[in-house]
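Please find below some notes for a colleague who is meeting this structure for the first time. They are set out as numbered points and can be read in any order.

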Amino acid sequence: MATLVAGLLTATPASAAAGPVITSISVSTNAVKAPGEVVLSYTATTTAPVDEALAGYKDPAGRLYSVNLSKGTSGSGTRKVPDGVQNGTWTLQYVFLTYSPNDFTYACNPSYASTNAKCTETRDLSPYDVVVSGSTEDFEAPVLTSIWVSPTKVEPGTPVTMRFAAHDLHPVVKATFTWVHGAQDEHFSLTSTDPAELAAGAFTRTVPHLQSNGGYVLSSVVLEDPNGFASRYAADGTIGYTAPAGIFFPQPTRPRGTHSIPFSASGLTVANSYYDGPGPVLARLAVTSSAVSGGTATATYSTTLTSSTLRSISALYLLDGDPGVATSLWSEDGRAAGSVTRGLPQRVGTYRLQRVVLLDAAMRRTEYTRDGRVLDERGKTIGEHALDLAAEHIVAKPSKLDVSGRSRPQSIELGVSTMPDEAQDLTSYRVVVNPGGRVVTVPVTGEYSKVVVPSLRNGTTYTLAVTPQSKIGPGPTTTVSLTPMISGNVWGAGDVNIDRRDDLFARLPAGQVRLYRGAGFPKFKAATTVTDLPSSRNFPSGRIYGYTAFLTINQDGGLEGNMVDRDGKSLGSTISGTGWGSMRSIDGTADFSGDGLPDIVAVTSTGAMRLYKGNGQGRFAAGTQIGTGWGSMVRVFVPGDVTGDRKADVMAVDATGVLWIYRGNGRGGFLGRVKVGPGWGGMGALFSARDANGDSRGDLGAITMNGELRFYKGRGNGTFTGATVAGTGWGSFL
């Protein structure tokens, strides 16, 4: 049974190295019979993980065998003890641990330390010595006595048999015959590691397919024994010797020897090789010259082949100004003529054809370069071609943009998105605004750019044509059509927290809905955030289930009722219906039908006004049309009763800026309209403030284009007082 020798070490420092501190060493056995193995282990304390660990045993003749140890604060390594090594006591010479070039521990036994100045510690390592027995000692490489090869005239893929005779104390475990072409830089080797073949001294292998025709000289035969000792017999009559890996300090060396074995009779003559014949010829190449970034390009080609079929064709392109961007049009369908379509990188610019490479089924390679040369598979110039590869470039223009828009008062906000890699190649975006033909240049600020097109007329539908610009020309144009409108992003919330002061809801364009609590007319407290609803539109609403609420049309066109508690916190939403995405505006504040429950008055995209009767729980009946021609209005909202007849009214600003009251009849219709006055078309926002000043009369709220919040107190008879300025800085809600 193997014994385990372990213990703490005591040491005498030989230097001041700040390496790991070895705390113990153990060995799996102090006696091993060859073939066998020894496992050496260690533990250490260290300020950083050990990244190299090594130990060394020396046999009685002074040969040093290394042991690679695993890394960490502890580790182990196995030293194979094969048959053939020297019997006797193998002494542990050193243990080496390090975690940086300058922080290492080199613990050595006294005799080793006396000859090695790099040792940092001298230790008694004798408890870890190992006695080796049972080995047939062999430190000689195999001796080759004869060789024979048949047949000597071969073709690629045909068999050739190699015979050899050799002697050694241990059997040969590997034999390699190597031939070198007599006229070209080409060689191949045939090897056997099969024990039965090597014991018989004969093995058969096939000549590789990718060999050229011609004479091949047998240049060397290498034999190796189980211990890694190898002899290399060369055609020039010399013998070279190598020792197995892991023996060093000193590495066994042996002078080169000589032999008289005739190698010349074992040469090979290779014939009928496809590899040595003419490669494929490119007859024609035509490439689509116009494409878009990230799109596709097509190459049409034809080739001429002599005795094989086409395996592949590849046309390599590099981007002007950035040679790190490459693309290839390639095909492996085996057709001698045809076309191939491949995708392009998401980069704008001119891609220049650098070379075309053809490969046939015999793996013969022909390369056509941009400068007119024809190269073979070795990269050697074998001729010139007249193909104009420089003309087969690809111009990849900018790809189609993703353009979004948002109507704003007297303006339109555009968002332009492109692919991240493509953005670096764009110079600007050109925006043409019609009617009017105004041109706006938008700088590129990355994959997403935003711009506001100002000085537009509310109520007029504008078409904006957006075209990406680049050094090589413009890309395709994307159009969006939008109508600037007076904003409805602020609206009266009523008295949310029951403090007898009306509050305001306000929505930022990105989707955050805020609540401003009244602090005594016309002041408001700091905002609190109710919820975030990106990609949606929000509108006024009456109470739902008794809670303050507002309406939302989500990105899928669904209608939701969002409820809010007295603290201004969102209570979630109730689904009120689908198919609302095309609505131009909606207002669910007031009872327009006379049943005591708030209804929705909506204007469709075609300008029709529709009434949806509510049930007070966020659900609404099917709509009925109650008017047409409302599409010309730049703002429509329901302020409740502003005329004093206790019937909900509708207010609207027409395209000329005149504000009108459409008096409700209490049954879902109108009694006629009353003119409030002109000059309202220049407002950024206009909304029902409900009873902002607490006098039980409906008031109006507005935000000017410079962000000033104003209130117009209602007199209860369809007229309003002059403006009361409540504050500034409200322009972010437009």
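1. Which residues lie nearest the centre of the largest cavity? They are Ser541, Arg543, Ile544, Pro598 and Phe620, and the lining as a whole has 13 residues. The space in this cavity is about 60 Å³. Its lining divides into eight polar, three nonpolar and two charged residues. In the whole model, the count of cavities of 30 Å³ or more comes to four.

2. A word on confidence. The model is predicted. Mean pLDDT for the protein chain is 92, and 96% of the residues reach 70 or more. Residues 1–17 should be read with this score in view: pLDDT stays under 50 there. For that stretch the model has 42 contacts beyond four places in sequence.

3. The largest pocket is the next item. About 1300 Å³ of space lies in it. It is lined by 48 residues, and the closest to its centre are Arg406, Ser407, Asn489, Ser536 and Arg537. By class, the lining has 21 nonpolar residues, 18 polar ones and nine charged ones.

4. Which strand gives the largest share of the lining of the largest pocket? Strand 36 does, with five residues; this strand covers residues 402–408. Several strands each supply at least two residues of the lining, among them strand 37 (411–417), strand 40 (448–453) and strand 42 (478–482). Strand 47, strand 51 (585–587) and strand 55 (635–640) also each supply at least two.

5. Strand 47 also belongs to an open sheet of four strands, in the order 47-48-49-50 and with antiparallel pairing. Strand 47 (537–540) and strand 50 (570–577) stand at the edges; each has a single partner strand, so one side of each is left without a neighbour in the sheet. From one strand to the next, the twist averages 30°.

6. Within the sheet 47-48-49-50, the pairing of strand 47 with strand 48 can be followed by residue. Strand 48 spans residues 548–553, and four bridges pair it with strand 47 in the antiparallel sense. Pro540 stands opposite Phe550 of strand 48.

7. Strand 42, named above for the pocket lining, has a place in another open sheet. Here four strands have the order 39-38-41-42, with antiparallel pairing. Why is one side of strand 39 and of strand 42 left without a neighbour in the sheet? Strand 39 (438–442) and strand 42 stand at the edges and each has a single partner strand, so one side of each stays without a neighbour. The twist in this sheet averages 25° from one strand to the next.

8. The pairing at the strand 39 edge can be described in the same way. Strand 38 (residues 426–434) and strand 39 run antiparallel and are joined by five bridges. Val433 stands opposite Arg438, a residue of strand 39.

9. Two peptide bonds deserve a look. Ser150 and Pro151 are joined by a cis peptide bond, with omega about -10°. Pro151 is in the loop between strand 13 (143–150) and strand 14 (153–154). The bond from Phe521 to Pro522 is also cis, and its omega is near 5°. Pro522 is found in the loop between strand 45 (512–516) and strand 46 (528–532).

10. A last point on the backbone concerns Asn272. What sign does phi have at this residue? Phi is positive, at about 60°, although Asn272 is not a glycine. Asn272 lies in the loop between strand 24 (268–270) and strand 25 (281–287).

Technical notes
Residues are numbered from 1 along each chain as its sequence is written. This is a predicted model: local features need pLDDT of at least 70, side-chain atom pairs count only at pLDDT 80 or more; totals for chains, interfaces and linings use all residues. Side-chain values use heavy atoms; hydrogens and water are left out. Two strands pair if DSSP finds at least two bridges between them. Axes are lines fitted to C-alpha atoms, for helices over the stretch in contact, and angles run from 0 to 180 degrees between N-to-C directions. pLDDT is the predictor's confidence in each residue, from 0 to 100. Contact means heavy atoms within 4.5 Å. On a 1 Å grid over the protein atoms alone, a cavity is a set of points where a 1.4 Å probe fits but cannot get out, and a pocket is an open set with protein on both sides within 12 Å along at least five of seven lines; lining residues have an atom within 4 Å of a point. Grid points are joined across faces, edges and corners, and a volume is the space filled by probe spheres set on the points. Ala, Val, Leu, Ile, Met, Phe, Trp, Tyr, Cys and Pro count as nonpolar, Asp, Glu, Lys and Arg as charged, and the others, Gly among them, as polar.
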